[in-house]
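User: I would like a close look at a single part of the structure shown here, followed by a connected account of how that part sits among its surroundings.
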Amino acid sequence: MTMPERRTRAPRPGRRFDLRSTAVFFGLLAAALVIGGLAVRALAGVVERRPVWAVVLLCLGLAVAVARGRRRRRLSAAGMARQTGRAFARGTSTALDALDAPAPAPPVVPAQAGPVDEITSPLPVAQGIDHEALTPDEFEAATAELCARDGCTQVQVVGGAGDLGADVTALTPDGRRLVVQCKRYGEDNKVGSQDLQRFGGTCFTVHEADVAVVVTTGEFTVPALEYAEQCGIVCVDGDGLLAWSQGRAEAPWAAVREETA
């Protein structure tokens, strides 16, 4: 008995499983994920510091997506992984360059030069504003403005490193040389006798003052006031400064004029 011959189906053409290609694909995919994580982290920093970069990268991504959509040809899995890795690498490099770029320097406002009596805009202290709200430099400039307001000429702010105790110098309305030291202290920090002794050792001998004044936003200790009285230094505390700035008290050099008259 003859058995009928069974027909076998011809194998369909297709791709054979390639272990090497599969390993390469997953290796590239893992690398792409790592690079993607670094890129996301870098982009987060860029977005926080420079939001404009987020808009630029988003537009770049949309442009790449549109360009890819127009290309109809199919890409292999390995090729897609390679292109994805290169794209992430370029994005990471751009983000890191943006992070390394120095931030733009703030605009530099030129300092107003010249004697204080030539400055036309009044300072807040001349209007009776809280003196303790000013910085030390602003307090010196405000004190100089008060001197110019009350008729002094050749008013200059000379405080700084090596000033030897003089922060403001001027000529009083009657022509005497005025030397002022400014102490912007708080309520818990009083001007002591050591501060007065340092100023007293330079105001007359070095700066050749006819009138020496110490102005503070706080108070003076009793020994400081006693030393100032012995040396002929005028002390203006926070209350006296407020009264002077509001026009309720005479300028400090007026008291010296009355004593020597």
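Which residue does the side chain of R198 meet in a salt bridge, and what is the N to O distance?

Analyst: The side chain of R198 meets that of D195 in a salt bridge, with 2.6 Å from N to O. This is a predicted model, in which local features need pLDDT of at least 70 and side-chain atom pairs count only at pLDDT 80 or more, while totals for chains, interfaces and linings use all residues. Residues are numbered from 1 along each chain as its sequence is written, and side-chain values use heavy atoms, with hydrogens and water left out.

A salt bridge is here a side-chain nitrogen of Lys or Arg within 4 Å of a carboxyl oxygen of Asp or Glu. In general, side chains of opposite charge can pair when their charged atoms come close. R198 and D195 are separated by about one helical turn because they stand three residues apart in helix α5. Helices (H or I, at least four residues) and strands (E, at least two) are DSSP runs numbered from the N terminus. The partners differ in their exposure: R198, at 52% relative accessibility, counts as exposed, whereas D195 is buried at 13%. Buried means under 20% relative accessible area, exposed over 50%, and partly exposed in between, with a 1.4 Å probe and protein chains only.

For the setting of this helix, the protein chain has eight helices and five strands, arranged along the sequence in the pattern α-α-α-α-β-β-β-α-β-α-β-α-α. Of its 261 residues, 30% count as buried. Helix α5 spans 193–203, and D188 is found in the loop that links β3 to this helix. D188 is exposed, with a relative accessible area of 83%, and together with D130, E132 and E187 it forms a negative surface patch. Patches are built from residues with over 30% relative accessible area and no salt bridge, with like charges joined within 9 Å and nonpolar side chains (Val, Leu, Ile, Met, Phe, Trp, Tyr) within 5 Å. Lys and Arg count as positive and Asp and Glu as negative, with His and the chain ends not counted, and the place of a charge is taken as NZ of Lys, CZ of Arg, CG of Asp or CD of Glu. E132, another member of the patch, lies in the loop between α3 (77–100) and α4 (136–149) and is partly exposed at 35% relative accessibility. C-alpha to C-alpha, E132 is 9.1 Å from G238 in space, although 106 residues separate the two in sequence.

On the other side of α5 in sequence, E208 occupies the loop between that helix and β4 (211–216). Its phi is near 55°, a positive value in a residue other than glycine, and E208 counts as exposed at 57% relative accessibility. A positive phi, near 50°, is also found at Q154, again a residue other than glycine; Q154 belongs to strand β1 (residues 153–157) and is exposed at 53% relative accessibility.

The pair in α5 can be set beside others, since a search of the whole structure finds four salt bridges. Among them is the pair of R176 and D174, whose closest N and O atoms are 3.1 Å apart. R176 lies in the loop between β2 (168–171) and β3 (177–183) and is buried, with a relative accessible area of 15%, while D174 is partly exposed at 42%. In this pair the arginine is therefore the buried partner, whereas in α5 D195 is buried. A polar atom of the R176 side chain also lies 3.2 Å from the backbone oxygen of W253, which falls within the limit for a polar contact (a pair of N or O atoms within 3.5 Å; within protein, one must be able to donate a hydrogen and the other to accept it, and residues adjacent in sequence count only if both atoms are side-chain atoms). A further salt bridge joins D150 and R149, with 3.0 Å between the closest N and O atoms; here D150 is partly exposed at 27% relative accessibility, and R149 is partly exposed at 35%.

Technical notes. Accessible areas come from the Shrake-Rupley method with a 1.4 Å probe; for residues, only the protein chains shown count as cover.
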